[in-house]
Amino acid sequence: PRARRLLGETLQIARQRKRLRKRCRLAALDGTGWESHHVSHYFVKRRASCSKFWQKITYATFPKAGVLCDSASHLILAIVPGRGPGPDIKHFRPALDEALARTAIEALAADAGYDAEHVHEYAREECGVNTFIPPLIGRRTDKPPAAPQFQPVHIGAESNPPDASLPDPATLFKSRAARLRALAPDHQLRG
């Protein structure tokens, strides 16, 4: 209750300072997990594979939360804590309800982890929120599988990995915008 009250007061201050509008045109929802120990799961696994004397304990659960935020201001409108690993979809209703209690939302974007008919029905019919969730879970595609980007290295051979490079942000956002336009071609939020 104290954390929810703090979040509510933070959003109230953001509205007073004109950082958050009365109506959120587009919100985004996704699940995220955190490490619950001072040593990451990845590190424990690496050490376990290198030496038989180091810590071999890995942790089966970790803190997880569904976070719903305003896309314009990046302010968090709702956060639903839980325990992972698990599907993101269980955070959908509580996060949407919590956010709608604080502000009106016109549209909500989420990843394919939230794709389900009951999710779309609840958001659109019961809450009046348009949803943009790509229908990619368990669906076949006509695209052939991508060719491997690397050549396997034989044991004992020297590896020469290519230099890492970051994607061009303009190209990345352009392709994402095209994908979203294809998912919802006649939505009113075009601009």
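**Nonpolar core and surrounding contacts in the predicted model**

The largest nonpolar core comprises 25 residues, and those with the most contacts inside it are Leu29, Leu68, Leu77, Phe92, Leu96, Ile105 and Leu108. Two or more residues of this core are supplied by each of the helices α1 (2-16), α3 (92-102) and α4 (117-126) and by each of the strands β1 (23-33), β3 (76-84) and β4 (104-110). Helix α3 provides the largest share, namely four residues. The coordinates analysed here are those of a predicted model.

The protein chain contains five helices and five strands. Read from the N terminus, these elements follow the order α-β-α-β-β-α-β-α-β-α. Of the 191 residues in the protein chain, 26% are classed as buried. The accessible surface of the protein chain amounts to about 14400 Å², and carbon and sulfur atoms account for 56% of this area. When contacts between residues at least 6 apart in sequence are considered, 61% of them link residues at least 24 apart.

Leu77, one of the core residues with the most contacts inside the core, illustrates such connections along the chain. With residues up to four places away in sequence not counted, Leu77 touches Leu7, Leu11, Leu20 and Cys24, as well as Leu68, Cys69 and Asp70; its further contacts are with Glu98, Ala99, Arg102, Thr103 and Ile105. Among these partners, Leu68 and Ile105 also belong to the group with the most contacts inside the core.

Thr103, a contact partner of Leu77, is placed in the loop between α3 and β4. Thr103 counts as buried because its relative accessibility is 4%, below the 20% limit that defines this class. Apart from neighbours within four places in sequence, Thr103 is in contact with Arg15, with the consecutively numbered Arg21, Lys22, Arg23 and Cys24, and with Leu77. A polar atom of the Thr103 side chain lies 2.9 Å from the backbone oxygen of Lys22. Cys24 is thus listed among the contacts of Thr103 and also among those of Leu77.

Gln12 is located in helix α1, one of the elements that give two or more residues to the core. Gln12 itself counts as partly exposed because its relative accessibility is 48%, a value between the limits of 20% and 50%. The C-alpha atom of Gln12 is separated by 9.0 Å from that of Arg102, although the two residues are 90 residues apart along the chain. Arg102, in turn, is among the residues that Leu77 touches.

Note on methods. Residues numbered from 1 in each chain as written. Predicted model: local features only at pLDDT ≥ 70, side-chain atom pairs only at ≥ 80, totals over all residues. Heavy atoms only, no water. Core = buried A, V, L, I, M, F, W, Y, C linked by side-chain atoms within 4.5 Å. Buried < 20%, exposed > 50% of the residue type's maximum accessible area, 1.4 Å probe, protein only. Contact = heavy atoms within 4.5 Å. Areas by Shrake-Rupley, 256 points an atom, 1.4 Å probe, with all protein chains shown as cover. Polar contact = N/O pair within 3.5 Å; in protein donor to acceptor, adjacent residues only side chain to side chain.
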